[in-house]
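Please open the model in a viewer and keep the selection panel at hand. The tour below moves from the whole chain to a sheet and then to an internal cavity.

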Amino acid sequence: MRFQRRKARRELKRQEKVKEADDFEAIFTYEHLYESYKKCLKNVRWKASVQNYSANAPVNVCKAFKELHEGKIKVRKGYEFDLYERGKHRHIRSVHIRERVVQKCLCDYALVPVLGRTLIYDNGASTKGKGVQFARNRLQAHLEKFIRKHGSDGYILVFDFKKFFDSIRHDIIQQVMEAAFTDSRIIDLTMRYVQVTGDIGLGLGSQISQTLCLAVPNRLDHMIKERCGMKFYGRYMDDGYIISESKEQLKECLAAMKEICSQLGLNLNEKKTHIRKLRGGFTFLKTKYHVMPSGKIIKRPARQNITRMRRKLKRFKKLVDKGEISMRAVYHSYQSWRSHIAPTRCFRSRRRMDELFKSLFNVDYKEGFACITKSYKMA
């Protein structure tokens, strides 16, 4: 009886906090839609479709407001195209500005406030204040705490989901939405955006897809943290890790994970899911980690990361000579890569890459952007 009373109090407290986020009328106000429209302009003002929408923005936002409250909102598929990133095929579904404004409002004022409350802290993807660097910092913190408590003789389970976005089941999303929301109009609108992508899976390029892909495996996160009692656990979208002093404990945890994943319709990638010794080294989010016998943690960039950048610089050289790309874009791309690998132990790699940059473009990167502007016309 005491448990039931505590459960009822927790549910009442939750309903009070998410009251506004579970009300269709309170979410889709004109003010919220217009604020979402202004956020959607970031970095895409140059697009013709965005400029056409912005030319008559108050009227377009008002039209969306009326269609939503009259139940006449149309959900379109959008523009679809394929990308090949690092040899991987990715099918992208680009969302038009009309759809993006409504999706932004739905996510920012309903899905994120409600579903975000249930996520564990160590889930570092697609959340404000978090990201790739947050996930790496959490792994660093978990390793340091584990080494202080158990030493460097431990094991890590690194796992990866196979075709994560493409395998998300719509019936699981329906269950998640019905458990979190009571307003049927919010559930119906969300499922309309989900079902437009097909019978199964979610499309890349949509904020709703990013948010729901965090919520669907949330049951797995809580199982590992609470039922298995694994404190040193973290996940970034489809990549995750568990650290333990016992290899057998990780094997039991992996068996429990497979059971939950089968219920959620997720598939673990057998090639990228393995248990390793901490001293043997492992890779997480394109960074290689080595734990020394003394407990020191050494981070190095993955070899593929360096090879890919060398090839990219050589392609940039050809494009600059043809006038198809500006030196400004090359400089910023290279500067971004150097900042990306800066937290790792990569002095020699950066020095050799600087030498390649100088040999290709006949300028020294260390002299700064001002030197480059003298040698090339800035487009």
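Contact here means heavy atoms within 4.5 Å. Among contacts in the protein chain between residues at least 6 apart in sequence, 72% join residues at least 24 apart. The model is predicted, so local features need pLDDT of at least 70 and side-chain atom pairs count only at pLDDT 80 or more, whereas totals for chains, interfaces and linings use all residues. Residues are numbered from 1 along each chain as its sequence is written, and side-chain values use heavy atoms, with hydrogens and water left out.

**Whole chain.** Select the protein chain: its C-alpha atoms fill a box of roughly 65 × 60 × 30 Å, taken along the principal axes. Of its 379 residues, 44% count as buried, that is, under 20% relative accessible area with a 1.4 Å probe, protein chains only. Colouring by secondary structure should show 16 helices and nine strands; these are DSSP runs numbered from the N terminus, helices being H or I of at least four residues and strands E of at least two.

**The sheet.** Next, select strands 4, 5, 3 and 6, which form an open antiparallel sheet in that order. Two strands pair if DSSP finds at least two bridges between them. Strand 4 (233-236) and strand 6 (274-277) stand at the edges with a single partner strand each, so one side of each has no neighbour in the sheet. From one strand to the next, the twist averages 20 degrees; axes are lines fitted to C-alpha atoms, for helices over the stretch in contact, and angles run from 0 to 180 degrees between N-to-C directions.

Zoom in on strand 3 (residues 155-160) and strand 5 (residues 239-244), an antiparallel pair joined over six bridges. Phe159 stands opposite Gly240 in strand 5.

Now add helix 7 (residues 132-150), which packs on the sheet and touches strand 4 and strand 5; its direction makes about 10 degrees with that of strand 5. Add helix 12 (residues 247-264) as well: this helix lies across strand 3, strand 5 and strand 6, at about 20 degrees to strand 3.

**The largest cavity.** Which residues lie nearest the centre of the largest cavity? Select Val95, Gln103, Tyr193, Val196 and Ser206, which hold that place among 20 lining residues. Strand 2 (88-94), helix 6 (97-115), helix 9 (184-195) and helix 10 (207-215) each supply at least two residues of this lining.

Technical notes. On a 1 Å grid over the protein atoms alone, a cavity is a set of points where a 1.4 Å probe fits but cannot get out, and a pocket is an open set with protein on both sides within 12 Å along at least five of seven lines; lining residues have an atom within 4 Å of a point. Buried means under 20% relative accessible area, exposed over 50%, partly exposed in between (1.4 Å probe, protein chains only).
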